[in-house]
Amino acid sequence: MAEHKYDFGLIGLGVMGRNFILNVADKGFKAYGYDLDPDKVSALKEEGGDLERVNASEDLDTFLSSLQKPRKIMLLVPAGKIVDRVIEDLLPHIDEGDLIIDGGNSLFTDTDRRESYLRNKGIHFFGAGVSGGAKGARKGPSIMPGGSRDAYKEVKPIFEAVAAKYEGEPCVAYLGPKSAGNYVKMVHNGIEYGLMQLTSEIYDLLSKAGMMNNEEMHRIFDRWNKGRLQSFLVEITADILTREDDQGSGQLVDKILDKAKQKGTGKWTSQNAMDLGIPVPSIDIAVSMREISALKADRTKAEKLYGRPQPEVVGKKDLEKVAEEALYFSFIITYAQGLHQLAEASAEYGYDLDLGTIAKIWRAGCIIRAGLLADITVAYQKDPDLPNLLLDADFAKKIKGTLPSARTLVAFGATHGIPLPGLSNSLTYFDAYTSGRLPLNLIQAQRDYFGSHTYERTDKEGIFHTEWEE
């Protein structure tokens, strides 16, 4: 075998890695994989077919000697210590100018640490979020890279070829220095948490208040996916609702335990938003609901102790209309919160993010892809410094048209004991963000009363303190 023959290397040949490297090979680039598991190496060779096009080895020296220089090596391994171990294994064998790309969901502060460490050794390091699941990796994901702008030129042709396309445009772009790519992917996942929670609440509402069966709900979500709610998550919800249980009777969704798991990216989004002082309550509550769902035994006992209200049955056509409008409203609010966090992080961490570009590369390939993102792209192209999507005039029209339905459903859920925390938090966020005066003046007075924390006044400049107990 000739040395330095392959254009692209990939470490980690699990489902995501195998699909991604096959995608690279399909686009005309020669790709070489590496994994310690000989079965995964064999599986890639078998599926790839032509070893001149795609090959693999469980021997690190063979892998590295098969790559063209500067080497472009992508890691698709679990986030955390494994990434550090792989980097240390590579370091004695790679050269200055080589490029390591972390394609996993790494915490952005870990990416900053690794980027600085490797830069000092002359190695380029990229955090590149990849969204779209295994199918996206094979057919075209959305890719969110961050790191050295000059180094990105080495991998740009490959990434643009393998990425999903929206009206011919690749859903990948250089996003910024350091950990910009992993940070954007983290917030993407936070938005994903919010949208999934909202979709599940509307499903619950249609079932309990509309007395709809899975087939009826399938038809509704399918109709919505052909309209302004067109999105990957609405699309797959329609599919899920009619999947028959292959281990019993009825639909599979009814047999799945109501305990949602998580890998941490939603939590990271919430935690960092609090650090930045940016409110993202639709994302926060989505994380909390997964934690509440884990308390299955406690929830079952509590239901027996307190009982549940019997929801009023609502006309199906009326409910469908109101639910569609409320879901559209809350989707907008969730995207607005995530993008607001990105804007603040860009300033805080020096990413210089272009929110219009981010919305563009989310339009296809990724889990939060939706027709709504085309309008979001336009809003940020029109005003790159837009502080919040809610301040865009066109989005104000969309929100005003759907706001009454959001209020109706939140009130209905509260009255009839149907938990709608994502929708409720979205509405509360909107009401607070659009209130010129909030009751926080009282909180400032309380803080000054017990802790002499001072306050500002509405009628004059300065910082004030009052001796409340005279």
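In the predicted model, strands β5 (residues 99–102) and β6 run parallel and are joined by four bridges. One place to see this pairing is Ile 101, whose bridge partner in β6 is Phe 126. Helix α8 (residues 180–208) packs on the sheet here, touching β6 and β7, and its direction makes about 20° with that of β6. Another helix, α4 (residues 81–90), lies across β1 (8–11), β4 (72–75), β5 and β6, and runs at about 155° to β4.

Stepping back to the whole sheet, seven strands are arranged in the order β3-β2-β1-β4-β5-β6-β7, forming an open sheet with mixed pairing. Its edges are β3 (54–57) and β7, each of which pairs on one side only. From one strand to the next, the twist averages 25°. As a general reminder, the strands of a sheet pair through backbone hydrogen bonds, in either a parallel or an antiparallel sense.

The edge strand β7 (residues 142–146) deserves a further look. Its partner is β6 (residues 124–131), and the two run antiparallel with five bridges between them; in one of these pairs, Ser 131 is matched with Ser 142 of β7. Strand β7 is mostly covered, with five of its five residues buried. Ser 142, Met 144 and Gly 146 point one way from the strand, while Ile 143 and Pro 145 point the other way. This fits the general pattern for a regular strand, in which side chains alternate between the two faces of the sheet.

The loop between α5 (108–119) and β6 holds Gly 122. With a relative accessible area of 25%, Gly 122 lies above the 20% limit for a buried residue and below the 50% limit for an exposed one, so it counts as partly exposed. Apart from neighbours within four places in sequence, Gly 122 is in contact with Glu 96 and Gly 97. Gly 97 is 25 residues away along the chain, yet the C-alpha atoms of Gly 122 and Gly 97 are separated by 6.0 Å.

Turning to the overall layout, the protein is divided into domain 1 (8–174), domain 2 (184–434) and domain 3 (441–469). The centres of domain 2 and domain 3, taken over C-alpha atoms, are separated by 38 Å.

Helix α14 (residues 316–349) contains Glu 324. This residue has a relative accessibility of 14%, and because that value is under the 20% limit, Glu 324 counts as buried. Leaving aside neighbours within four places in sequence, Glu 324 is in contact with Trp 224, Arg 228 and Leu 229. With Arg 228 there is also a polar contact between the two side chains, at 2.8 Å.

Helix α14 appears again in the surroundings of α18, whose buried residues pack against α8, α12 (281–293), α14 and α17 (393–416). These buried residues of α18 are Pro 421, Gly 422, Leu 423, Ser 426, Leu 427, Tyr 429 and Phe 430. The helix geometry can be checked simply: at 1.5 Å a residue, the 13 residues of α18 (residues 421–433) should span 18 Å, and the end C-alpha atoms are indeed 18 Å apart. For α19 (residues 440–451), with 12 residues, the expected span is 16 Å, which agrees with the 16 Å between its end C-alpha atoms. Just after α19, Ser 452 takes a positive phi of about 50°.

Conventions: Residues are numbered from 1 along each chain as its sequence is written. This is a predicted model: local features need pLDDT of at least 70, side-chain atom pairs count only at pLDDT 80 or more; totals for chains, interfaces and linings use all residues. Side-chain values use heavy atoms; hydrogens and water are left out. Buried means under 20% relative accessible area, exposed over 50%, partly exposed in between (1.4 Å probe, protein chains only). Two strands pair if DSSP finds at least two bridges between them. A polar contact is a pair of N or O atoms within 3.5 Å; within protein, one must be able to donate a hydrogen and the other to accept it, and residues adjacent in sequence count only if both atoms are side-chain atoms. Contact means heavy atoms within 4.5 Å. Axes are lines fitted to C-alpha atoms, for helices over the stretch in contact, and angles run from 0 to 180 degrees between N-to-C directions. Domain bounds come from an automatic or database domain assignment. The expected span of a helix is 1.5 Å times one less than its number of residues.
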